[in-house]
Amino acid sequence: MQAKKPINVRVGGNIQQLREERHYTQEELSEKIGVTPNHLSAIERGVSGISLELLEKLCQVLSVTADHILFGRKAAEANGEKLMKLLQSFDQWQTVIARLGQSIDTLSEQLNHLHE
């Protein structure tokens with residue numbers, strides 16, 4: 001028996017999770033995507049991989065992107081978290097820059113008063 005490929009196990013687990021979240025049985029989902037329940041079971045267990053054609057059908061039926069199936073929510077959430085951190089960092093730097101600008105204006109005014 002050939003060892004399961006880690007990518008097949010990960011993708012199969014993602015498919016199973018999405019199927020369960022949408023309350024489909026293996027029989028229902030397999031019918032919608034045109035494979036046998038045994039084939040879908042093998043995919044979910046990581047015994048079999050999926051074709052691009054099947055990936056496309058799964059995306060349509062489960063209403064998700066291919067990266068959701070291939071990489072799971074964690075990758076998408078991590079990217080979203082990174083973006084939020086970058087935006088927060090940007091906001092913080094804007095505040096710092098604004099404060100620096102105000103300080104420079106104040107110092108400039110004080111220097112002008114000293115020279116008068």
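Me: At roughly what angle do the axes of helix H1 and helix H3 cross?
Reply: In this predicted model, helix H1 spans residues 6-21 and helix H3 spans residues 37-44. Their axes come within 7 Å, and the angle at which they cross is roughly 120 degrees.

Me: Is H1 parallel, perpendicular or oblique to H3?
Reply: The axes of the two helices cross at roughly 120 degrees. Angles from 65 to 115 degrees count as roughly perpendicular and those over 145 as roughly antiparallel, while the rest, once those under 35 are set aside as roughly parallel, count as oblique. The crossing therefore makes H1, with respect to H3, oblique.

Me: Which residues in H3 are met by residues in H1?
Reply: On the side of H1, the residues in contact are Asn8, Gly12, Gly13, Ile15, Gln16 and Arg19. By class, the contact of H1 with H3 has three nonpolar, four polar and two charged residues. The residues that H1 meets in H3 are Leu40, Ile43 and Glu44.

Me: Does asparagine 8 count as buried or exposed?
Reply: Asparagine 8 lies in helix H1, and it touches Ile43, Gly46, Ser48 and Gly49, when residues up to four places away in sequence are not counted. Its relative accessibility is 17%, and because buried means under 20%, asparagine 8 counts as buried.

Me: Which helices do the buried residues of H2 pack against?
Reply: In helix H2, which covers residues 26-33, the buried residues are Leu29, Ser30 and Ile33. They cover an arc of only 100 degrees around the axis, so they sit on the same side of H2. The helices against which these buried residues pack are H1, H3 and H4.

Notes:
Residues numbered from 1 in each chain as written. Predicted model: local features only at pLDDT ≥ 70, side-chain atom pairs only at ≥ 80, totals over all residues. Heavy atoms only, no water. Axes fitted to C-alpha atoms, helices over the stretch in contact; angles between N-to-C directions. Helix = DSSP H or I, 4+ residues; strand = E, 2+ residues; numbered from the N terminus. Contact = heavy atoms within 4.5 Å. Nonpolar A, V, L, I, M, F, W, Y, C, P; charged D, E, K, R; others polar. Buried < 20%, exposed > 50% of the residue type's maximum accessible area, 1.4 Å probe, protein only. Arc of directions from axis to C-beta.
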